[in-house]
Amino acid sequence: FSFEMRVLVDGSLASDPPLVSNKSWASGASAGWGFFVSGSKWKFNVGDGTAARRKDLSPLASASALTDGKWHHLAVTVNKSGMARIFQDGVFQAETNVSAITTWDAPLPSTLSILEDGTKNIRNVYGYKAKVSVADIRFWSDELNAETVTKYAKCDAVVNSGHPNYSSLIGWWKG
(Lines give C-alpha, C1' and ligand atoms only; values in the text may rest on other atoms or scores of the structure.)
Protein backbone atom coordinates (compact mmCIF):
# COMPACT_ATOMS: atom_id res chain seq x y z
CA PHE A 1 0.00 0.00 0.00
CA SER A 2 0.96 3.67 -0.20
CA PHE A 3 -0.24 6.67 1.76
CA GLU A 4 0.33 10.35 0.97
CA MET A 5 -0.74 13.62 2.53
CA ARG A 6 0.17 17.29 2.59
CA VAL A 7 0.63 19.09 5.89
CA LEU A 8 1.01 22.73 6.86
CA VAL A 9 2.10 23.35 10.42
CA ASP A 10 1.10 26.65 12.00
CA GLY A 11 3.72 27.39 14.63
CA SER A 12 5.72 25.02 16.76
CA LEU A 13 4.95 21.41 17.55
CA ALA A 14 4.77 20.05 21.09
CA SER A 15 5.37 16.42 21.96
CA ASP A 16 4.77 13.83 19.22
CA PRO A 17 1.16 13.95 18.02
CA PRO A 18 -0.11 11.72 15.22
CA LEU A 19 -0.64 13.14 11.76
CA VAL A 20 -2.39 9.97 10.59
CA SER A 21 -2.66 6.63 12.37
CA ASN A 22 -4.63 3.45 12.91
CA LYS A 23 -2.82 2.43 16.13
CA SER A 24 -2.74 3.39 19.78
CA TRP A 25 0.12 5.86 20.15
CA ALA A 26 0.48 4.96 23.82
CA SER A 27 3.32 2.72 22.57
CA GLY A 28 5.26 2.69 19.32
CA ALA A 29 5.22 -1.11 19.49
CA SER A 30 1.40 -1.20 19.40
CA ALA A 31 -0.11 -2.93 16.38
CA GLY A 32 -0.65 -0.58 13.45
CA TRP A 33 1.09 2.25 11.65
CA GLY A 34 1.13 6.01 11.33
CA PHE A 35 2.91 9.28 10.65
CA PHE A 36 3.87 11.10 13.84
CA VAL A 37 5.53 14.40 14.68
CA SER A 38 9.15 14.00 15.73
CA GLY A 39 10.54 17.30 17.00
CA SER A 40 10.13 19.76 14.11
CA LYS A 41 9.99 16.86 11.63
CA TRP A 42 7.98 13.63 11.32
CA LYS A 43 8.45 9.90 11.33
CA PHE A 44 6.72 6.76 10.09
CA ASN A 45 6.15 4.09 12.72
CA VAL A 46 4.82 0.55 12.45
CA GLY A 47 4.48 -2.12 15.09
CA ASP A 48 2.69 -5.40 15.63
CA GLY A 49 2.60 -5.53 19.43
CA THR A 50 6.15 -6.89 19.83
CA ALA A 51 8.70 -4.24 20.83
CA ALA A 52 11.58 -6.00 19.05
CA ARG A 53 9.77 -5.72 15.69
CA ARG A 54 8.85 -2.01 16.00
CA LYS A 55 10.14 0.05 13.07
CA ASP A 56 10.64 3.82 12.85
CA LEU A 57 11.69 5.77 9.77
CA SER A 58 12.69 9.44 9.96
CA PRO A 59 13.61 11.86 7.19
CA LEU A 60 17.19 12.78 6.50
CA ALA A 61 18.75 15.59 8.54
CA SER A 62 18.74 17.69 5.36
CA ALA A 63 14.93 17.45 5.00
CA SER A 64 12.98 20.62 5.73
CA ALA A 65 11.39 21.05 9.13
CA LEU A 66 7.59 20.85 9.12
CA THR A 67 7.54 24.08 11.13
CA ASP A 68 8.89 26.25 8.28
CA GLY A 69 5.43 27.62 7.36
CA LYS A 70 5.27 25.75 4.02
CA TRP A 71 3.15 22.88 2.78
CA HIS A 72 4.98 19.52 2.78
CA HIS A 73 4.11 16.29 0.99
CA LEU A 74 4.67 13.20 3.18
CA ALA A 75 4.47 9.67 1.78
CA VAL A 76 5.13 6.06 2.65
CA THR A 77 5.20 3.14 0.22
CA VAL A 78 4.96 -0.33 1.70
CA ASN A 79 5.65 -3.82 0.45
CA LYS A 80 4.57 -5.84 3.49
CA SER A 81 6.89 -8.71 2.58
CA GLY A 82 9.80 -6.34 1.94
CA MET A 83 10.53 -2.66 2.40
CA ALA A 84 8.77 0.45 3.66
CA ARG A 85 10.08 3.69 2.16
CA ILE A 86 9.34 7.28 3.20
CA PHE A 87 9.45 10.40 1.05
CA GLN A 88 9.19 14.09 1.87
CA ASP A 89 8.36 16.61 -0.83
CA GLY A 90 8.93 13.90 -3.44
CA VAL A 91 12.44 13.06 -2.24
CA PHE A 92 13.32 9.59 -0.95
CA GLN A 93 14.34 9.78 2.72
CA ALA A 94 14.77 6.31 4.24
CA GLU A 95 13.74 2.66 4.07
CA THR A 96 13.54 -0.35 6.36
CA ASN A 97 12.63 -3.99 6.01
CA VAL A 98 9.14 -4.62 7.40
CA SER A 99 8.73 -8.29 6.45
CA ALA A 100 8.79 -9.36 10.14
CA ILE A 101 5.71 -7.24 10.99
CA THR A 102 2.93 -9.78 11.56
CA THR A 103 -0.08 -7.43 11.49
CA TRP A 104 -0.65 -3.90 10.22
CA ASP A 105 -4.14 -3.62 11.69
CA ALA A 106 -4.93 -2.38 15.15
CA PRO A 107 -7.92 -3.71 17.15
CA LEU A 108 -9.31 -0.20 17.67
CA PRO A 109 -12.50 1.75 16.90
CA SER A 110 -10.93 3.64 14.01
CA THR A 111 -9.40 2.06 10.93
CA LEU A 112 -7.58 5.29 10.03
CA SER A 113 -7.61 8.63 11.82
CA ILE A 114 -6.31 11.99 10.64
CA LEU A 115 -4.62 14.15 13.34
CA GLU A 116 -5.51 11.48 15.87
CA ASP A 117 -4.51 7.92 16.71
CA GLY A 118 -6.70 4.85 16.35
CA THR A 119 -8.13 5.24 19.87
CA LYS A 120 -9.77 8.52 18.78
CA ASN A 121 -8.81 9.86 22.21
CA ILE A 122 -5.08 10.67 22.11
CA ARG A 123 -5.60 14.45 22.14
CA ASN A 124 -7.70 14.15 25.29
CA VAL A 125 -5.18 11.89 27.00
CA TYR A 126 -1.98 13.69 26.11
CA GLY A 127 -3.24 17.20 25.38
CA TYR A 128 -1.39 17.66 22.09
CA LYS A 129 -1.68 21.14 20.71
CA ALA A 130 -0.66 20.71 17.09
CA LYS A 131 -2.03 23.29 14.68
CA VAL A 132 -1.85 21.37 11.43
CA SER A 133 -3.77 21.74 8.18
CA VAL A 134 -4.00 18.68 5.94
CA ALA A 135 -4.87 18.27 2.28
CA ASP A 136 -4.55 15.92 -0.66
CA ILE A 137 -4.77 12.71 1.37
CA ARG A 138 -4.39 9.71 -0.94
CA PHE A 139 -4.50 6.05 0.02
CA TRP A 140 -3.49 3.37 -2.50
CA SER A 141 -3.70 -0.42 -2.39
CA ASP A 142 -0.45 -0.59 -4.44
CA GLU A 143 3.11 0.26 -3.54
CA LEU A 144 3.85 3.37 -5.63
CA ASN A 145 7.32 3.50 -7.17
CA ALA A 146 9.70 6.37 -6.37
CA GLU A 147 9.24 8.05 -9.75
CA THR A 148 5.46 8.20 -9.29
CA VAL A 149 5.74 9.57 -5.74
CA THR A 150 8.15 12.26 -6.97
CA LYS A 151 6.02 13.24 -9.97
CA TYR A 152 2.75 13.48 -8.02
CA ALA A 153 4.21 15.17 -4.91
CA LYS A 154 3.90 18.54 -6.60
CA CYS A 155 1.01 20.73 -5.49
CA ASP A 156 -0.28 21.14 -9.04
CA ALA A 157 -0.21 17.41 -9.84
CA VAL A 158 -3.55 16.07 -11.04
CA VAL A 159 -4.54 12.52 -10.21
CA ASN A 160 -6.81 11.14 -12.92
CA SER A 161 -7.09 8.03 -15.09
CA GLY A 162 -3.66 8.87 -16.55
CA HIS A 163 -1.98 8.15 -13.20
CA PRO A 164 -0.09 4.84 -13.46
CA ASN A 165 -1.74 3.50 -10.27
CA TYR A 166 -5.16 5.12 -10.66
CA SER A 167 -6.99 1.77 -10.48
CA SER A 168 -5.54 1.14 -7.01
CA LEU A 169 -6.67 4.49 -5.54
CA ILE A 170 -8.70 3.55 -2.45
CA GLY A 171 -9.50 7.07 -1.31
CA TRP A 172 -8.63 10.67 -2.10
CA TRP A 173 -9.61 13.47 0.21
CA LYS A 174 -8.61 16.79 -1.33
CA GLY A 175 -9.07 18.87 1.79
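Me: Before anything else, when do two strands pair?
Reply: Two strands pair if DSSP finds at least two bridges between them. Please keep in mind that what we are looking at is a predicted model.

Me: OK, so which residue stands opposite V9 in β10?
Reply: In β10, V9 stands opposite V132, and further along the bridge partner of R6 in that strand is A135. Taken as a whole, β1 and β10 pair in the antiparallel sense, over seven bridges.

Me: And which strand do four bridges join to β10?
Reply: That is β11, residues 169–173, which runs antiparallel to β10 and is joined to it by four bridges; in β11, the bridge partner of W140 is L169.

Me: What's the order of strands in that open sheet of six?
Reply: The order is β8-β7-β6-β1-β10-β11, and the pairing is antiparallel. The edge strands are β8, covering 91–97, and β11, each of which pairs on one side only. If direction is ignored, neighbouring strands of this sheet are turned by 15° against each other on average.

Me: Why is β10 largely enclosed by the rest of the structure?
Reply: Seven of the nine residues of β10 are buried, so the strand is largely enclosed by the rest of the structure. Buried here means under 20% relative accessible area.

Me: Switching topic: how many residues are in the largest nonpolar core?
Reply: The largest nonpolar core has 30 residues, and those with the most contacts inside it are F3, L19, W33, F35, F44 and W104. Several strands each supply at least two residues of this core, among them β2 (18–21), β3 (32–38) and β10 (132–140), while the largest share, four residues, comes from β1.

Me: What does W104 touch?
Reply: Not counting residues up to four places away in sequence, W104 touches F1, N22, G32, W33, F44, V46, V78, K80 and V98.

Me: And which residues are in the other core, apart from that one?
Reply: The other core, which lies apart from the largest one, has eight residues, including A75, L144, Y152 and A157.

Me: Last one: what order do the strands take in the open sheet of five?
Reply: In that sheet the order is β5-β4-β3-β2-β9, again with antiparallel pairing. The strands β5 (55–57) and β9 (113–114) stand at the edges with a single partner strand each, so one side of each is left without a neighbour in the sheet.

Me: How many bridges join β2 to β9?
Reply: Two bridges join these antiparallel strands, β2 and β9, and V20 stands opposite I114 in β9.

Definitions and conventions:
Residues are numbered from 1 along each chain as its sequence is written. This is a predicted model: local features need pLDDT of at least 70, side-chain atom pairs count only at pLDDT 80 or more; totals for chains, interfaces and linings use all residues. Side-chain values use heavy atoms; hydrogens and water are left out. A nonpolar core is a set of buried Ala, Val, Leu, Ile, Met, Phe, Trp, Tyr and Cys residues joined through side-chain atoms within 4.5 Å. Buried means under 20% relative accessible area, exposed over 50%, partly exposed in between (1.4 Å probe, protein chains only). Contact means heavy atoms within 4.5 Å. Axes are lines fitted to C-alpha atoms, for helices over the stretch in contact, and angles run from 0 to 180 degrees between N-to-C directions.
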